[in-house]
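Biologist: I should like to learn how to read some features of a protein model. May we begin with a helix and then turn to charged side chains?

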Amino acid sequence: MTRLPGAQVVIQTFLRRTNLLMAGRRVAIVGDVPGLASRLRAMGAHPGAAPADADLVIGDGVDLGALKPGAILATTRPVEGERMREGVVASGHVFVVDLTC
């Protein structure tokens, strides 16, 4: 089982690889990453959404088919897809950000 990195590493890796802001995003956190929800709230995001309704889903073991079109999945598990930029692939209707550093 792959363990997600700490909250600060997750946020920094996501921001560096996507160049997106967290403000206003509905976020689903799958798994246990201590301190992640509070850090996301401080950046203007809204953690606590269901994965099917979230703009950003952070975690491993998430079914890509259950996510809404255009959603972003941040995970440590490799996902096949079209490479968009370093660490980001498009897999069907979802963008996947690789959190491994």
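Modeller: Let us begin with burial in helix α1. The buried residues of α1 are A7, V10, I11, T13, F14, R17 and T18. They cover an arc of only 165° around the axis, which places them on the same side of α1. Buried means under 20% relative accessible area, exposed means over 50%, and partly exposed lies in between (1.4 Å probe, protein chains only). The arc is that of the directions from the helix axis to the C-beta atoms.

Biologist: On what kind of model do these statements rest?

Modeller: This is a predicted model, in which local features need pLDDT of at least 70 and side-chain atom pairs count only at pLDDT 80 or more, while totals for chains, interfaces and linings use all residues. Residues are numbered from 1 along each chain as its sequence is written, and side-chain values use heavy atoms, with hydrogens and water left out.

Biologist: Against which elements do the buried residues of α1 pack?

Modeller: Contact means heavy atoms within 4.5 Å. Helices (H or I, at least four residues) and strands (E, at least two) are DSSP runs, numbered from the N terminus. The buried residues of α1 pack against α2 (36–42), β3, β4, β5 (82–85), β6 (88–91) and β7 (94–98).

Biologist: What should the 12 residues of helix α1 span?

Modeller: The expected span of a helix is 1.5 Å times one less than its number of residues. For α1 (residues 7–18) this gives 16 Å, and the end C-alpha atoms are 17 Å apart, which agrees. After α1 comes N19, whose phi is positive, near 60°.

Biologist: How many salt bridges does a search of the whole structure find?

Modeller: A salt bridge is a side-chain nitrogen of Lys or Arg within 4 Å of a carboxyl oxygen of Asp or Glu. The search finds 2 salt bridges. In one, D55 pairs with R26, the closest N and O atoms being 3.2 Å apart. This pair links distant parts of the chain, 29 residues apart: D55 lies in the loop between β2 (46–47) and β3 (56–59), and R26 in strand β1 (residues 26–30). D55 also forms a salt bridge with K68, at 2.7 Å from N to O. R26, D55 and K68 are thus linked in a network of salt bridges.

Biologist: Is D55 buried or exposed?

Modeller: D55 is buried, with a relative accessible area of 18%. Its partners count as partly exposed: R26 at 37% relative accessibility, and K68 at 24%.
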